[in-house]
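Colleague: I'd like to learn how to read a model like this one. Could you walk me through it?

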Amino acid sequence: MTGESDLRKLLSGMRPELNPGRYVFTTVEGGIPSGVTPVVTVAEDEGLTLVVPREEADAAGLAYGYVAGWITLRVHSALEAIGLTAAVSRELADAGLSCNVVAAFHHDHLFVPYEHADRAVAVLESLARRSA
């Protein structure tokens with residue numbers, strides 16, 4: 001199934017959804033610790049980056065600093081689509097919100113400061129309405 005690549009359709013149909021919970025970025029050497037179920041993994045030269053629920057990181061004794069809310073854009077974006085990440089990150093930046101973006105096969109996922117996650121969703125919903 002091919003995703004959408006038209007930027008206007010992507011923005012107007014993104015339907016940002018805040019997933020429940022708090023998520024943290026951490027890094028480990030070797031494998032994923034027992035009891036930890038990452039929602040994102042990235043292999044880097046320096047170690048394995050994990051994005052995990054904060055409770056799991058705490059239980060496993062993993063170090064972290066940034067606590068995020070996880071927003072899923074519910075539009076199926078094509079991996080070759082141009083401009084979605086730029087438009088979304090620019091809108092959030094203009095609102096003074098940091099954003100870490102992960103593109104997956106079906107959807108884009110945004111990790112924003114947990115304490116501002118509801119505001120980030122509102123900013124993205126406003127962008128979607130203006131793009132329709």
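Colleague: How far apart are the end C-alpha atoms of residues 2-68?

Modeller: This is a predicted model, and in it those ends lie 30 Å apart. The span is 19% helix and 34% strand. An unreviewed UniProt entry annotates residues 2-68 as "domain: DUF2241".

Colleague: Which annotation covers residues 69-125?

Modeller: There the unreviewed entry gives "domain: CASTOR ACT". That stretch is 35% helix and 26% strand, with its end C-alpha atoms 16 Å apart.

Colleague: What span should helix α4 have, at 1.5 Å a residue?

Modeller: α4 runs over residues 117-131, so its 15 residues should span 21 Å. The end C-alpha atoms are 21 Å apart, which agrees.

Colleague: And which residues of α4 are buried?

Modeller: Buried here means under 20% relative accessible area. The buried ones are Ala-117, Ala-120, Val-121, Val-123, Leu-124, Leu-127, Ala-128 and Ser-131. They cover an arc of only 160° around the axis, so they sit on the same side of α4. Asp-118 and Arg-129, on the other side, are exposed.

Colleague: What covers the buried residues of α4?

Modeller: The cover includes helices α1 (7-12) and α3 (84-94), along with strands β1 (16-18), β5 (67-73) and β7 (108-113).

Colleague: How many cavities of 30 Å³ or more turn up in the whole structure?

Modeller: Just 1. The largest cavity holds about 30 Å³ of space, and its lining is Leu-73, Leu-84, Thr-85, Val-88, Val-101, Asp-108 and Leu-110. α3 gives the most to that lining, with 3 residues, while α3 and β7 each supply at least two.

Conventions
Residues numbered from 1 in each chain as written. Predicted model: local features only at pLDDT ≥ 70, side-chain atom pairs only at ≥ 80, totals over all residues. Heavy atoms only, no water. Helix = DSSP H or I, 4+ residues; strand = E, 2+ residues; numbered from the N terminus. Expected span 1.5 Å × (residues − 1). Buried < 20%, exposed > 50% of the residue type's maximum accessible area, 1.4 Å probe, protein only. Arc of directions from axis to C-beta. Contact = heavy atoms within 4.5 Å. UniProt positions renumbered as here; feature names shortened; annotations may be inferred. 1 Å grid on protein atoms, 1.4 Å probe; cavity = no way out; pocket = protein on both sides within 12 Å on 5 of 7 lines; lining within 4 Å. Points joined across faces, edges and corners; volume = space filled by probe spheres on them.
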